[in-house]
Amino acid sequence: MLRTLDTFAGRVIALSAILGTLGLIGEVAVILVDVAGRYFGSPLRGAQDLTQMGMVVLVFGGMALCDRQGGHIAVDLFERKMPDWMIRLTDLLGAIAGALIFAGIAWQMWKSAAISQMLNLATNIIYLPKAWFQYYIVVCCIITAVGMLLRVVSLLSGGPIRRSEGHQS
């Protein structure tokens, strides 16, 4: 059951990362067109709006993958001296805290998106509806929180702990 759930989560996380990758490609294209346009005296109208919303897609799209691969910043000054149970405990507490933080972000962004939708809030230059991007953040944060909760379940069921490179037991 856990393996099936992990496989499904991996696919959803990969989809989220693909969307983040598309955000990066879009970001590069917008900047390229804008800079080339400035050279010829005709910058891309709305480049700032597209760049800001592209960053939303890029950052939140890649967050779940970053967590799944253990890419978050970690300070491991004392890890070599810590017993395995303590490393497991800190990984467990970190995953629980991360899941709670991302669930909180999702909840607050859900409420913010509802307000944005009610007030028809949009970006300043080309009027992209902000609610779309806020709901995207909600979905990506839920994916990240669920991924972290799966790591909690894995750690509680005796799954592998994450170690820094060069650590020997």
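Helices are taken here as DSSP runs of H or I with at least four residues, numbered from the N terminus. The description that follows concerns a predicted model, and residues are counted from 1 along the chain.

Under that definition, Cys66 is found in helix H2, which covers residues 47-68. With a relative accessible area of 25%, Cys66 is partly exposed, because that value falls between the limits for buried and exposed residues. When neighbours within four places in sequence are left aside, Cys66 is in contact with Gly71 and His72. Although Cys66 and Thr144 are 78 residues apart along the chain, their C-alpha atoms are separated by 9.2 Å.

Helix H2 also holds Asp67. The relative accessibility of Asp67 is 3%, so this residue counts as buried; the limit for that class is under 20%. Not counting residues up to four places away in sequence, Asp67 touches His72, Gly147, Met148, Arg151 and Arg162. Of these partners, His72 is also in contact with Cys66.

The next element to be considered is helix H1, which spans residues 2-39. At 1.5 Å a residue, its 38 residues should span 56 Å, and the end C-alpha atoms of H1 are 55 Å apart, which agrees with that expectation. Buried positions occur along H1, including Ala9, Gly10, Ile13, Ser16, Ala17 and Gly20. Further buried residues of H1 include Gly23, Glu27, Val30, Asp34 and Gly37. The buried residues of H1 pack against two elements, namely H2 and helix H4, the latter formed by residues 130-156. After H1 comes Gly41, for which phi is positive and near 80°.

The packing of H1 on H2 was examined through the helix axes. These axes come within 7 Å and cross at roughly 150°. Angles over 145 degrees count as roughly antiparallel, and H1 and H2 are therefore roughly antiparallel to each other. The crossing in which H1 passes H2 is left-handed. In the contact of H1 with H2, 15 residues are nonpolar, seven are polar and four are charged.

The second partner of H1 is H4. The axes of H1 and H4 are 10 Å apart, and the two helices pack at an angle of about 145°. As in the pairing of H1 with H2, the crossing of H1 and H4 is left-handed. On the H1 side, the contact is made by Leu2, Leu5, Ala9, Val12, Ile13, Ser16, Leu19 and Gly20. On the H4 side, Tyr136, Cys140, Ile143, Leu150, Val153 and Ser154 take part. The residues of this contact comprise eleven nonpolar and three polar ones, with no charged residue. Several H1 residues in the contact, among them Ala9, Ile13, Ser16 and Gly20, are listed as buried in H1.

The length of H4 was compared with expectation in the manner used for H1. For the 27 residues of H4, a rise of 1.5 Å a residue gives an expected span of 39 Å; the end C-alpha atoms are 39 Å apart, which agrees. H4 is followed by Gly158, and the phi of Gly158 is positive, near 90°.

H4 also packs against helix H3, which comprises residues 84-119. The angle between H3 and H4 is about 160°, with their axes 8 Å apart. With the limit for this class at over 145 degrees, H3 and H4 are therefore roughly antiparallel to each other. H3 passes H4 in a left-handed crossing. The residues of the contact of H3 with H4 divide into 24 nonpolar, six polar and four charged.

Within H3 lies Lys111, which counts as partly exposed because its relative accessibility is 37%. Lys111 and Gly158 are 47 residues apart in sequence, and their C-alpha atoms are 37 Å apart in space.

Two residues of the loop between H3 and H4 have distinctive backbone values. Asn120 is placed in this loop, and its phi is near 55°, a positive value in a residue other than glycine. Tyr127 is likewise placed in the loop between H3 and H4, with a positive phi near 60°, again in a residue other than glycine. The relative accessible area of Asn120 is 66%, so Asn120 is exposed. Tyr127, at 60% relative accessibility, also counts as exposed, since that class begins over 50%.

Methods. This is a predicted model: local features need pLDDT of at least 70, side-chain atom pairs count only at pLDDT 80 or more; totals for chains, interfaces and linings use all residues. Side-chain values use heavy atoms; hydrogens and water are left out. Axes are lines fitted to C-alpha atoms, for helices over the stretch in contact, and angles run from 0 to 180 degrees between N-to-C directions. Angles under 35 degrees count as roughly parallel, over 145 as roughly antiparallel, 65 to 115 as roughly perpendicular and the rest as oblique. A crossing is left-handed if the near helix is turned anticlockwise from the far one by less than a right angle, and right-handed if clockwise. Ala, Val, Leu, Ile, Met, Phe, Trp, Tyr, Cys and Pro count as nonpolar, Asp, Glu, Lys and Arg as charged, and the others, Gly among them, as polar. Buried means under 20% relative accessible area, exposed over 50%, partly exposed in between (1.4 Å probe, protein chains only). Contact means heavy atoms within 4.5 Å. The expected span of a helix is 1.5 Å times one less than its number of residues.
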